Amino acid sequence: MATITAPYVEPARDDNFFLKMAVVMALTIVAGFSLQLAAGRSSFGSPPLVHAHAIVFMGWWVIYLLQNIFVTRGTMSLHRTLGWIAAGWMVLMVGLGCAVTVAMVRAGHVPFFFRPLQFLIFDPMTVFSFAGLTTAAIVMRKRTEWHRRLHYCGMSLLLGPAFGRLLPMPLLSPWAYEATFVAIMIFPVIGIVADIRRTGKAHPAWARGIAVIVASLIVTEAVTYSPVGTAIYGAVTAGSPGANIAPLDFAPPPVGPQVTGR
């Protein structure tokens, strides 16, 4: 009797999933910052440093979206070229992200629903974690399944500011930072569910990416409420208006409309 063996079929590529999620991420960012502007809580009257920060960070989601479009369309030469541009772009993001955070803390302009010291720690910790995941994705660029999932987790980390403008942050104090963390975790969870539905199991890259995201939260909380955090705050704010603000005290809500300039 002849034995009939079904031919091996590779799992369907997940290009469309990552493209759709890149679009959802982009829409989340646009919605968050558009709401801020529409509500009159933002203006364009910001220092050049803030504008540079905004251009570079907004540019990243454009790069991320284009990279997924290139992959879906099979234009891999463009994908690789833009990938190396993105590597340099990431360095700008880390520098500007830290510089803007320090400038806001020194000026005493931390949003009133964040503890100043916590803000000083979690903003740089977010961009460092993003850079770590993105660097790992670049190193593993020849292992596509790892590459795209690590990039996706890194991009998820950058959605915190968008969710911070969509969520009712004043009502979530003193857990505003933690609330945005829960919100960004929605995206990796969606990725895991999509993997399980497509292949029956989650790719191990999700565990690594989520571990980095969770570690950023743990380190932030540990440093915020430690003598190390207090020392960092004192060194950063020395000789500035921020030095007169208690590092763990919430500022009183502003009187009248809040205009952030961002």
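## Buried rings

A residue counts as buried when its relative accessible area is under 20%. This is a predicted model, and in it F18 sits at 1% relative accessibility, so F18 falls in the buried class.

F18 also has a ring partner. F17 and F18 make an edge-to-face aromatic pair, with 5.1 Å from centre to centre and 80° between the planes.

## Aromatic pairs

How many aromatic pairs are there? The count comes to 13. Some of the rings join up into a cluster: ring pairs link F112, F113, F114, F119, F122 and Y177.

Another pair brings two helices into the picture. Y152 and W206 are edge-to-face, at 5.2 Å centre to centre and 85° between the planes. Y152 belongs to helix α5 and W206 to helix α10 (residues 204-224), so this pair ties together parts that are 54 residues apart in sequence. Are these two residues buried or exposed? Both Y152 and W206 are buried.

## A look at helix α5

Helix α5 covers residues 144-157, and its length checks out: at 1.5 Å a residue, its 14 residues should span 20 Å, and the end C-alpha atoms are indeed 20 Å apart, which agrees.

As for its surroundings, twelve of the 14 residues of α5 are buried, so the helix is largely enclosed by the rest of the structure. Y152, the ring partner of W206, is one of those buried residues. The others are W146, H147, R148, R149, L150, H151, C153, G154, M155, S156 and L157.

Notes
Residues numbered from 1 in each chain as written. Predicted model: local features only at pLDDT ≥ 70, side-chain atom pairs only at ≥ 80, totals over all residues. Heavy atoms only, no water. Helix = DSSP H or I, 4+ residues; strand = E, 2+ residues; numbered from the N terminus. Expected span 1.5 Å × (residues − 1). Buried < 20%, exposed > 50% of the residue type's maximum accessible area, 1.4 Å probe, protein only. Phe/Tyr/Trp six-rings, centres within 6.5 Å; stacked < 30°, edge-to-face > 60°.
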